[in-house]
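Reader: Hi! Could you walk me through this protein?
Author: Happy to, let's look together.

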Amino acid sequence: MTAPLVIASQMEADFNAGLAAHPLAPRVIAVPEDEPWEAAREADILLVRPSPAWRGHQHRARPAAWPGRLRWVYSASAGIDFYPPWLLDAPLVTCGRGVASDEIADYVIAAIYARAKNLDAVTVHARADWRPAMLGRVGGSTIGIVGLGAIGGAVARRAIALGARVVAVRRGSGPAAVTGVALLDSVESVVAEADHIVIAVPATLATRGLFDARMFARAKPGAHLINVARGSVIDQDALIAALDAGRLDFATLDVTEPEPLPDGHALYTHPRVRLTPHVSSNYLLVRHRLSEKVADDLGRFARGEAPSDIVDPVRGY
């Protein structure tokens, strides 16, 4: 009789109960919260999330237990930049790419509307405030997307449905997966044309500091920057300087570097910044999507098929 798969999971109890109910009848075991990698000694599959233990171990040597008997590491998050590089020494690493794309795209569109309509600024509280005011438009504006993956594609579909023009740049070649998107040849070209610049690229060495003073200098007057990727993609000092100088009009940031920012950081109180605490994924409300994705991938794995969204160790995503 074949022994059941052993899954060590960092997820919540309800999620793990769903795993245990999979038709494969895996044995689901707990993970030491302070040293989750130790589960590699007894598990076939390790389901991880970007917990403080992983973040705190990013620059430390690979533990002796790693990768142990593991056959597969499954990251609940789309990005793997929160984990130490040796995580990729496991035989197979996959991620939860696409699970929260719709939620993040909704956040982006909400940010665009919040900036375009700016209802707080035109809300009246007395008769003396009652006067005409011009509101911005989303239809007819240009939304530029840097990174046309799962998140960027979800943003593009919404933006096109709202009558916006969408330009984008991506790493791969070939036609855009979303009809109506104009692919440009560089990030600089997208930045130069966009009224709203959406950053949706993975955090890699190639994207670190991508948005620097030189990039901000290419933005058109009145541009609005939205970052739902990672804080490392932006040079935050250069961003503040661009906002102060009027080279950018506004920034909506759901991510920063580090997270959280230290007390007193200028981004907390800057009048041209809307800062949210990395909540755009609405992750607790999309756990069912992750559960469905993991269940499907377990079935593929058991059949000897490749699971979805395998992480490329070279590219880092």
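**Helix 1 and beyond**

Author: Let's start with helix 1, where Ala13 and Asp14 are exposed on the other side from the buried residues. Exposed is over 50% relative accessible area, buried is under 20%, and partly exposed is in between (1.4 Å probe, protein chains only). Helices here are DSSP runs of H or I with at least four residues, strands are runs of E with at least two, and both are numbered from the N terminus.

Reader: Which residues of helix 1 are buried?
Author: Helix 1 covers residues 13-20, and Phe15, Asn16 and Leu19 are buried in it. Looking down the axis, the buried residues fall within an arc of 95 degrees, so they line one face of the helix. That arc is of the directions from the helix axis to the C-beta atoms.

Reader: Why do residues three or four places apart point the same way?
Author: An α-helix has 3.6 residues a turn, so residues three or four places apart point the same way.

Reader: And what covers the buried residues of helix 1?
Author: The cover includes strand 1 (6-9), strand 2 (27-29), strand 3 (45-48) and helix 10 (287-302). Contact here means heavy atoms within 4.5 Å.

Reader: Is this a model I should read in some special way, and what are the ground rules?
Author: This is a predicted model, where local features need pLDDT of at least 70 and side-chain atom pairs count only at pLDDT 80 or more, while totals for chains, interfaces and linings use all residues. Residues are numbered from 1 along each chain as its sequence is written, and side-chain values use heavy atoms, with hydrogens and water left out.

Reader: New topic: is His57 buried or exposed?
Author: His57 is buried, with a relative accessible area of 11%. You'll find His57 in the loop between helix 2 (52-56) and strand 4 (72-75). Setting aside neighbours within four places in sequence, His57 is in contact with Trp37, Pro63, Pro84 and Trp86.

Reader: Where does Gly98 lie?
Author: Gly98 lies in the loop between strand 5 (93-95) and helix 3 (101-117). Gly98 is partly exposed, at 38% relative accessible area. Its C-alpha atom is separated by 9.5 Å from that of Lys293, 195 residues apart along the chain.

Reader: Zooming out, how many helices and strands are there?
Author: The protein has 10 helices and 12 strands. Buried residues make up 49% of its 317 residues.
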